[in-house]
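Let's take a walk through this protein chain, starting from one residue pairing and working outward. Keep the 3D view open as you read.

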Amino acid sequence: MKLQCIRKCFFHDRLWKKGQTIDLPESAMSLDIVKSSFALPEDAERPAPTTLADEKAEDGDKGNLSHAELKRRLTAMGVAFRGNSSRESLNKLYQEQVALQAGLEG
């Protein structure tokens, strides 16, 4: 049965990363590691948006992004920031970058 990794794990002497697929026999479906780390491709999470337009569509409420999500998005945009920056400063930097890129695209 084909399954997709939904969270990073170590299984069958290999490191599996989110999004990779594995073909397992039905007998392995009862293992706890399989239940917690793999899912049918229809049930697996979709990959994060990779373009700014996709992120804008997903950003219904930009003010509620988590600290980790702000860091991830700023890194994806290629914006440098200090690792110990506060959520507020990261949010301000993110808002400025989105406005700047929107001005360049529009």
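Start at Cys 5, whose bridge partner in S5 is Phe 38. Keep in mind that what you're looking at is a predicted model. That pairing belongs to a slightly broader link: strand S1, covering residues 2-5, is joined to S5 by two bridges, and the two strands run antiparallel.

Now step back to see the sheet these strands sit in. It's an open one made of three strands, ordered S4-S1-S5, with antiparallel pairing. The edges are taken by S4 (21-23) and S5 (38-39), each of which pairs on one side only.

How does that fit into the chain as a whole? Reading from the N terminus, the elements go β-β-β-β-α-β-α-α-α, which comes to four helices and five strands.

Back to Phe 38, since a good deal happens around this residue. What does its ring pair with? The structure has two aromatic pairs. In one of them, Phe 11 and Phe 38 sit in a tilted arrangement, 5.8 Å centre to centre with 55 degrees between the planes. Phe 11 is in strand S2 (residues 9-11) and Phe 38 is in strand S5, so this pair ties together parts of the chain that are 27 residues apart in sequence. Both rings are tucked away from solvent: Phe 11 is buried, at 7% relative accessible area, and Phe 38 counts as buried too, at 5% relative accessibility.

The other pair brings in Trp 16, which meets Phe 38 edge-to-face, at 6.1 Å centre to centre and 80 degrees between the planes. Here the partners come from strand S3 (residues 14-16) and strand S5, so parts 22 residues apart in sequence are tied together. Trp 16 counts as buried as well, with 6% relative accessibility. Put the pairs together and you get a cluster of Phe 11, Trp 16 and Phe 38, linked by their rings. Trp 16 has another neighbour worth clicking on: Arg 14 lies over the face of its ring, 3.8 Å from the ring centre.

Which residues make up the largest nonpolar core? There are 10 in all: Leu 3, Cys 5, Cys 9, Phe 11, Trp 16, Ile 22, Leu 24, Ala 28, Val 34 and Phe 38. So the aromatic cluster you just traced, Phe 11, Trp 16 and Phe 38, is part of this core. The elements giving two or more residues to the core are S1 and S2.

Leu 3 is a handy place to look around from. Leaving aside residues up to four places away in sequence, Leu 3 touches Gln 20, Thr 21, Ile 22, Leu 24, Met 29, Val 34, Phe 38, Ala 39, Leu 40 and Pro 41. Apart from this core lies another one, of eight residues, including Leu 74, Leu 90, Tyr 94 and Val 98.

Finally, zoom out to the whole chain. Of its 106 residues, 29% count as buried. The chain exposes about 7,100 Å², with carbon and sulfur atoms supplying 54% of that area. As for contacts, take those between residues at least 6 apart in sequence: 39% of them join residues at least 24 apart.

Methods. Residues are numbered from 1 along each chain as its sequence is written. This is a predicted model: local features need pLDDT of at least 70, side-chain atom pairs count only at pLDDT 80 or more; totals for chains, interfaces and linings use all residues. Side-chain values use heavy atoms; hydrogens and water are left out. Two strands pair if DSSP finds at least two bridges between them. Buried means under 20% relative accessible area, exposed over 50%, partly exposed in between (1.4 Å probe, protein chains only). Contact means heavy atoms within 4.5 Å. Accessible areas come from the Shrake-Rupley method with a 1.4 Å probe; for residues, only the protein chains shown count as cover. Rings of Phe, Tyr and Trp (its six-membered ring) pair if their centres lie within 6.5 Å; planes under 30 degrees apart count as stacked, over 60 as edge-to-face and the rest as tilted. A charge sits over a ring if NZ of Lys or CZ of Arg is within 6 Å of the ring centre and within 35 degrees of the ring normal. A nonpolar core is a set of buried Ala, Val, Leu, Ile, Met, Phe, Trp, Tyr and Cys residues joined through side-chain atoms within 4.5 Å.
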